[in-house]
Amino acid sequence: MRDEATDAIAQRLRLEREARGWSLADLAARSGVARASISRIERGEMSPTAALLVRLAGAFDLTLAGLLVRAEAAASRLTRAADQPVWRDPATGYTRTQVFMRPDHPVELVQVTMPPAGRPRCPPPRTP
């Protein structure tokens, strides 16, 4: 399923990878995510799970929140609910709605919803 959030994440992943001069194979080796999966995510053919995004973000030395904020950088002020970017983890139903974010402001406001009995399945963050 393609949507605005999936497209923004796909573009951001490609931008982060290319800015470092990495091939798909380089990112796959650094993140432990299959090259084919990364390619499908970057083309918008696959919506990544939170677990995959944590691994990809870690390869870039970013947190999941840091990666998503960069992907959602176009949102620079408080936005109407209908216009707020929403990302949904297809594996758990977890949703993350960007309510407020400005690159020049130290506060970010998101709304996170976990379905009843939902459990996050994220690997622990990488430590340097």
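These legends walk through several close-up views of a predicted model.

**View 1. The whole protein, from helices to strands.**
Start with the overall layout: the protein has 5 helices and 3 strands. Going along from the N terminus, the elements come in the order α-α-α-α-α-β-β-β. The chain counts 128 residues, and 41% of them are buried. Take the contacts in the protein with a separation of 6 or more, and 50% of them turn out to join residues 24 or more positions apart. As for the outside, the accessible surface adds up to about 7600 Å², with 54% of that belonging to carbon and sulfur atoms.

**View 2. Helix α2 crosses helix α3.**
Here we zoom in on a pair of helices. Two packed helices are described by the angle between their axes and the distance between the axes. For α2 (residues 24-31) and α3 (residues 35-42), the axes come within 8 Å and the crossing is at roughly 115 degrees. The crossing of α2 past α3 is right-handed. On the α2 side you'll find Leu24, Ala25, Leu27, Ala28 and Ser31, and they meet Arg35, Ile38, Ser39 and Glu42 of α3. Sorted by class, this contact is made of 5 nonpolar, 2 polar and 2 charged residues.

**View 3. Ile38 and its surroundings.**
Staying with α3, this close-up picks out Ile38, which lies in that helix. Is Ile38 buried or exposed? Its relative accessibility is just 1%, so Ile38 counts as buried, the cut-off being under 20%. Which residues does Ile38 touch, once its neighbours within four places in sequence are left aside? The list runs Leu24, Leu27, Ala28, Ser31, Val33 and Leu56. Of these, Leu24, Leu27, Ala28 and Ser31 also appear among the α2 residues that meet α3. Leu27 sits 11 residues away from Ile38 along the chain, and their C-alpha atoms are 8.2 Å apart. Another contact, Leu56, is one of the buried residues of α4.

**View 4. Ser39, next along in α3.**
Ser39 is also found in helix α3, and it is one of the α3 residues that α2 meets. With a relative accessible area of 14%, Ser39 is buried, because buried means under 20%. Look for Leu13 too: 26 residues separate it from Ser39 along the chain, while the C-alpha atoms of the two are 10.0 Å apart.

**View 5. Helix α4, wrapped up by its neighbours.**
Why is helix α4 (residues 50-59) described as largely enclosed by the rest of the structure? Because 8 of its 10 residues are buried. Those buried residues are Ala50, Leu52, Leu53, Val54, Leu56, Ala57, Gly58 and Ala59. They pack against a whole set of elements: α1 (4-19), α2, α3, α5 (64-71) and β1 (86-88).

**View 6. Asp61, out in the loop.**
Just after α4 comes Asp61, which belongs to the loop between α4 and α5. Its phi is near 60 degrees, a positive value in a residue other than glycine. Asp61 has a relative accessibility of 66%, and because exposed means over 50%, it counts as exposed.

**View 7. Two residues of helix α5.**
This view pairs Ala65 and Leu68. Ala65 has its place in helix α5, and so does Leu68. Ala65 is partly exposed, with a relative accessible area of 35%. Leu68, on the other hand, counts as buried at 1% relative accessibility. From Ala65 to Leu53, the C-alpha to C-alpha distance is 9.7 Å, and the two are 12 residues apart in sequence. Leaving aside neighbours within four places in sequence, Leu68 is in contact with Ile9, Leu53 and Arg96. Ile9 is 59 residues away from Leu68 along the chain, yet 7.0 Å separates their C-alpha atoms.

**View 8. Gln98 and Arg96.**
The last close-up turns to strand β2 (residues 95-101), where Gln98 is placed. Gln98 counts as buried, with a relative accessibility of 1%. Which side chain does the side chain of Gln98 make a polar contact with? The partner is the side chain of Arg96, at 3.1 Å. Arg96 also showed up in the previous view, as one of the contacts of Leu68.

Note on methods:
Residues numbered from 1 in each chain as written. Predicted model: local features only at pLDDT ≥ 70, side-chain atom pairs only at ≥ 80, totals over all residues. Heavy atoms only, no water. Axes fitted to C-alpha atoms, helices over the stretch in contact; angles between N-to-C directions. Helix = DSSP H or I, 4+ residues; strand = E, 2+ residues; numbered from the N terminus. Left-handed = near helix turned anticlockwise from the far one by under 90°. Contact = heavy atoms within 4.5 Å. Nonpolar A, V, L, I, M, F, W, Y, C, P; charged D, E, K, R; others polar. Buried < 20%, exposed > 50% of the residue type's maximum accessible area, 1.4 Å probe, protein only. Polar contact = N/O pair within 3.5 Å; in protein donor to acceptor, adjacent residues only side chain to side chain. Areas by Shrake-Rupley, 256 points an atom, 1.4 Å probe, with all protein chains shown as cover.
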